[in-house]
2 protein chains.
Amino acid sequence: MTDPKKRLDQMIAKLRKNDFRITPQRLAILKILASSTNHPSVENIYGKVKKDFPTTSLATVYKTLIVLKEIGEVLELGFGDGGNRYDGNKPNPHPHLICTGCGTIMDPDLESLGDMTEALKRATGFQILTHRLDFFGLCPDCQKSRSAR
Amino acid sequence: MTDPKKRLDQMIAKLRKNDFRITPQRLAILKILASSTNHPSVENIYGKVKKDFPTTSLATVYKTLIVLKEIGEVLELGFGDGGNRYDGNKPNPHPHLICTGCGTIMDPDLESLGDMTEALKRATGFQILTHRLDFFGLCPDCQKSRSAR
DNA sequence: TTATTAACGGATAATCTTTATCGATAATAA
DNA sequence: TTATTATCGATAAAGATTATCCGTTAATAA
Ligand SMILES: [Mn+2]
Ligand SMILES: [Mn+2]
Ligand SMILES: [Zn+2]
Ligand SMILES: [Zn+2]
């Protein structure tokens with residue numbers, strides 16, 4: 001995990017560089033994203049921000065995420081069903097390991113997909129800009145609770 | 001590409017086996033999915049079905065897709081924005097190459113992710129059931145039209 | 001062939017997440 | 001400190017998918 005303080009500084013610097021303002025609500029959202037390793041949802045972020053700023057609107061969370069996506073400081077994981085999840089600690093594309101039982105999302109240690117990407121470029125002529133790799137399954141805990149019943 | 005006729009027979013057999021009925025509308029949808037290699041959207045399927053059965057409802061397309069997902073005879077590719085895309089010719093998980101310019105989705109030839117999956121199982125204890133791998137970029141045509149302006 | 005019955009089709013309402021809108025407010029620079 | 005706008009908060013709107021309801025029909029067996 002990247003040091004949350006360092007990530008926060010990176011995010012702030014990038015916002016300043018692109019002429020975005022640092023508001024208290026925004027800063028609170030940045031802190032949550034920089035330090036979380038559990039890929040929070042919008043509702044999750046919203047709930048935490050409201051502890052410090054009770055009047056915060058859900059739209060503010062969404063709008064901040066849109067800005068962070070624009071400048072590449074958060075990785076959005078969209079799923080067909082339910083809400084998106086966000087990784088602000090590690091904003092560049094990387095594989096994820098998702099438990100369909102409890103919703104946990106982890107960052108596994110895996111070598112990159114560089115070789116595969118290169119082969120694709122040569123074979124298809126595509127200019128590949130990004131990728132997404134998700135593995136779905138059941139975490140050890142959910143395997144237990146499933147076999148228990 | 002798998003032979004569309006063979007895929008159609010597989011889909012019909014699987015539906016029968018699970019006590020689902022083969023209706024004219026359903027059959028039309030199956031044929032489209034079995035023979036298409038361009039990962040059609042719901043609207044795309046809907047438009048084609050209406051040529052033969054003008055009274056078909058959009059809900060019927062959705063309901064048929066839900067059934068096919070249940071029995072594993074179609075692969076759903078959900079994206080955060082816009083509608084889903086479907087692969088009925090190749091229903092098992094496989095990588096996709098997606099042009100963000102024109103929306104084309106292709107099935108590239110790539111060796112499997114078997115090694116990566118095994119390593120993940122050992123390292124994390126997860127029971128991995130499925131995966132998804134998408135590469136995003138610009139197809140050769142879209143690269144040209146972009147550089148032209 | 002006909003009767004039976006549960007599944008299906010069509011129409012549309014409801015749901016859910018995300019985005020758009022807009023007046024009020026506050027961050028930033030001069 | 002003041003002026004300029006980006007941003008906030010509240011809420012409406014959009015868009016895709018699912019739920020609901022009831023008349024119809026495919027599948028099965030008598
Ligand atoms: Mn991650
Ligand atoms: Mn495919
Ligand atoms: Zn789990
Ligand atoms: Zn293209």
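## The zinc site

At a relative accessibility of 1%, A:Cys99 counts as buried, and this residue is one of the ligands of a metal site in what is a predicted model. The zinc ion (ligand 3) is coordinated through SG atoms by A:Cys99, A:Cys102, A:Cys139 and A:Cys142, at 2.2 to 2.3 Å. The angles among the 4 donor atoms run from 105 to 116 degrees, and the site of the zinc ion (ligand 3) is tetrahedral; because that label asks for every angle to lie between 85 and 135 degrees, the four sulfur donors satisfy it.

Along the chain, the donors of the zinc ion (ligand 3) are spaced as C-x2-C-x36-C-x2-C. The site links distant parts of the chain, with A:Cys99 in strand 3 (residues 96–99) of chain A and A:Cys142 in helix 6 (residues 140–148) of chain A, 43 residues apart. A:Cys142, with a relative accessible area of 13%, is also buried.

## The manganese sites

In chain A, the manganese ion (ligand 1) is held at 2.1 to 2.2 Å by NE2 of A:His39, A:His94 and A:His96 together with the OD atoms of A:Asp87 and A:Asp107. These donors follow the spacing H-x47-D-x6-H-x1-H-x10-D along the chain. A:His39 is found in the loop between helix 2 (24–35) and helix 3 (42–52) of chain A and A:His96 in strand 3 of chain A, so this pair ties together parts that are 57 residues apart in sequence; both A:His39 and A:His96 are buried.

In chain B, the manganese ion (ligand 2) has as its protein donors B:His39 (NE2), B:Asp87 (OD), B:His94 (NE2), B:His96 (NE2) and B:Asp107 (OD), lying 2.1 to 2.2 Å from the ion, and the spacing of these donors is H-x47-D-x6-H-x1-H-x10-D. B:Asp87 belongs to strand 2 (residues 85–87) of chain B, while B:Asp107 sits in the loop between strand 4 (105–106) and helix 5 (114–124) of chain B, so the two tie together parts that are 20 residues apart in sequence. B:Asp87 is buried, with a relative accessible area of 3%, whereas B:Asp107, with a relative accessible area of 26%, is partly exposed.

## The interface between chains A and B

In the contact between the two chains, 29 residues of chain A meet 29 residues of chain B. The area buried between chain A and chain B is about 2800 Å², of which carbon and sulfur atoms give 75%. A:Met116, A:Phe126 and A:Phe135 supply 24% of the area that chain A buries against chain B, more than any other three residues.

Across the interface of chain A and chain B, the rule for salt bridges finds 0 of them, while 10 residue pairs are in polar contact. On the side of chain A that touches chain B, the elements giving two or more residues are strand 3, helix 5 (114–124), strand 5 (127–138) and helix 6 of chain A. Strand 5 of chain A gives the most to that side, with 12 residues.

## Salt bridges

A search of the whole structure finds 14 salt bridges over all chains. One of them joins A:Arg132 to A:Asp134, with the closest N and O atoms 2.8 Å apart, and A:Arg132 and A:Asp134 are both buried. In chain B, B:Lys5 forms a salt bridge with B:Asp9, the closest N and O atoms being 3.7 Å apart; both residues lie in helix 1 (residues 4–17) of chain B, 4 residues apart, or about one turn of the helix. B:Lys5 is exposed, with a relative accessible area of 51%, and B:Asp9, at 40% relative accessibility, counts as partly exposed.

B:Lys14 forms a salt bridge with B:Glu73, for which the closest N and O atoms are 3.1 Å apart. B:Lys14 lies in helix 1 of chain B and B:Glu73 in the loop between helix 4 (58–70) and strand 1 (75–77) of chain B, so the pair ties together parts that are 59 residues apart in sequence. B:Lys14 is partly exposed, with a relative accessible area of 24%, whereas B:Glu73 counts as buried at 8% relative accessibility. In chain A, salt bridges that share partners join A:Arg7, A:Lys14 and A:Glu73 into one network.

## Backbone angles

A:Asp19, although not a glycine, has a positive phi of about 60 degrees. This residue lies in the loop between helix 1 (4–17) and helix 2 of chain A, and at 69% relative accessibility A:Asp19 counts as exposed.

B:His39, a residue other than glycine, also has a positive phi, near 55 degrees. B:His39 is placed in the loop between helix 2 (24–35) and helix 3 (42–52) of chain B, and, with a relative accessible area of 1%, B:His39 is buried. Through its NE2 atom, B:His39 is also among the donors of the manganese ion (ligand 2).

Conventions: Residues are numbered from 1 along each chain as its sequence is written. Chains are lettered from A and ligands numbered from 1 in the order in which they are written. This is a predicted model: local features need pLDDT of at least 70, side-chain atom pairs count only at pLDDT 80 or more; totals for chains, interfaces and linings use all residues. Side-chain values use heavy atoms; hydrogens and water are left out. Donors are N, O and S atoms within 2.8 Å of the metal (3.2 Å for Na, K and Ca); water is not among the atoms, so sites may look incomplete. Four donors count as tetrahedral if all angles lie between 85 and 135 degrees; four count as square planar and six as octahedral if opposite donors are over 155 degrees apart and all others between 65 and 115; anything else is irregular. Buried means under 20% relative accessible area, exposed over 50%, partly exposed in between (1.4 Å probe, protein chains only). Contact means heavy atoms within 4.5 Å. Buried area is the accessible area (1.4 Å probe) that two parts lose on being put together, summed over both. A salt bridge is a side-chain nitrogen of Lys or Arg within 4 Å of a carboxyl oxygen of Asp or Glu. A polar contact is a pair of N or O atoms within 3.5 Å; within protein, one must be able to donate a hydrogen and the other to accept it, and residues adjacent in sequence count only if both atoms are side-chain atoms.
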